[in-house]
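Me: I am new to this structure. Please pick a single part and take a close look at it, together with what surrounds it.

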Amino acid sequence: MAALTPRAVFVTRETDYELLIARHATRGQARFFLESRGEGLAQVEARHERFHAVLARARAAVPGEWRQALVRRADLDRFLFGPDDVVVAVGQDGLIANVAKYLGAQPVIGVNPAPDLYDGVLARNPVERLPRLLPASVAGDVALERRTMVEAVIDGTERLFALNEIFVGHRSHQSARYRIEDGTASEDQSSSGLIVASGTGATGWARSISEATGLDLSLAPDERAVGYWVREPFPSVATATRLRAGKLTDADLVVTSRMNEGGVVFADGIEQDFLGFGWGRQVRIAPADRALHLVTG
């Protein structure tokens, strides 16, 4: 049987214009909604058209003999990626975090469709690079960053992967009660939850926590280590606050729920895609065996 030709899989999310139309059904209704709030539709439409122009250029850059697929962020959990795919994420940096958990060693090319609007820390490539990067990715002739990911395993069976961070706490972000174990140290805690972040995630949510608390950890994106931060731990006769932050390399962070209802574990800020974390359930969190293979040039 002849080998399949390479496949470029384009990953996108809805534009603001598309979300407005989905909510209001027609362009006229969307315009009325914005104008009633002192805003206009023209700028939203312009960004939409600009994005699709970049996407069209990106898809035109695929070699003619290749296969192509297009998948929206909302459909990622139902899409089957092949081991030989080249993944092209066209959009903001968060889109790369969204797709990373569904991949193995496939190369990921992030394309920034609007450098004046998006930072492009992960989606750092202009669309003009794609004609070279696509075939070079298949040939293994590209520079790659192997960015560490975080893995959470609940009761030894259910798994979650994250490029940025795993959150453990109450779904309403009210007080969460649990037992935390870091190596030989352990204690019962009541807090606003905790996060375990990779070096990539350490520049986001984890950074805001570390700056607020002064608990800074050194984490490189490609370092096989993760860090944890506890949000607003509360001391009481039954709970302590000694384990507020730490770096994990060889040992797992072990958290056991003391919540009768509302306990959750979710990845990369996708709160609706959570695993239940009721009383007695235990989650072990550590650097994942898989990594994001990010094409940098």
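Reply: Here is a walk through one strand, its partners and then a neighbouring helix.

This is a predicted model, where local features need pLDDT of at least 70, side-chain atom pairs count only at pLDDT 80 or more, and totals for chains, interfaces and linings use all residues. Residues are numbered from 1 along each chain as its sequence is written, and side-chain values use heavy atoms, with hydrogens and water left out.

The part is strand β13, residues 253–257. Helices (H or I, at least four residues) and strands (E, at least two) are DSSP runs, numbered from the N terminus.

Start with cover. In β13, 5 of its 5 residues are buried. Buried means under 20% relative accessible area; exposed means over 50%, and partly exposed lies in between (1.4 Å probe, protein chains only). Next, direction. In a regular strand the side chains alternate between the two faces of the sheet. In β13, Leu253, Val255 and Ser257 point one way. Val254 and Thr256 point the other way. Both sets are buried.

Now zoom in on Ser257, a residue of β13. Ser257 counts as buried because its relative accessibility is 0%. What does its side chain reach? One target is the backbone nitrogen of Met259, at 3.1 Å. Another is the backbone oxygen of Phe277, at 2.9 Å. These are polar contacts: pairs of N or O atoms within 3.5 Å. Within protein, one atom must be able to donate a hydrogen and the other to accept it, and residues adjacent in sequence count only if both atoms are side-chain atoms.

Ser257 has a wider circle too. Leaving out residues up to four places away in sequence, Ser257 touches Arg177, Tyr178, Phe277, Gly278, Trp279, Gly280 and Arg281. Contact here means heavy atoms within 4.5 Å.

Which strands pair with β13? Two strands pair if DSSP finds at least two bridges between them. One partner is β8, antiparallel to β13 over 5 bridges. Across that pairing, Arg179 has Thr256 of β13 as its bridge partner. Another partner is β16, residues 282–295. β13 and β16 run antiparallel and are joined by 4 bridges. There, Val254 stands opposite Arg284 of β16.

Follow β8 outward. β8 covers residues 176–182, and β9 covers residues 185–191. β8 and β9 pair in the antiparallel sense over 7 bridges. Tyr178 stands opposite Gln189 in β9. Tyr178 is also one of the residues that Ser257 touches. The hairpin of β8 and β9 has 2 residues between the strands. In that hairpin, Gly183 takes a positive phi near 65 degrees.

Now follow β16 to a helix. Helix α4, residues 93–100, is mostly covered, with 7 of its 8 residues buried. They are Asp93, Leu95, Ile96, Ala97, Asn98, Val99 and Ala100. What do these buried residues pack against? One element is β16, the partner of β13. The others are β1 (7–12), β3 (86–90), β4 (107–111) and β5 (144–154).

To recap, β13 is mostly covered. β13 pairs with β8, and also with β16. Buried residues of α4 pack against β16.
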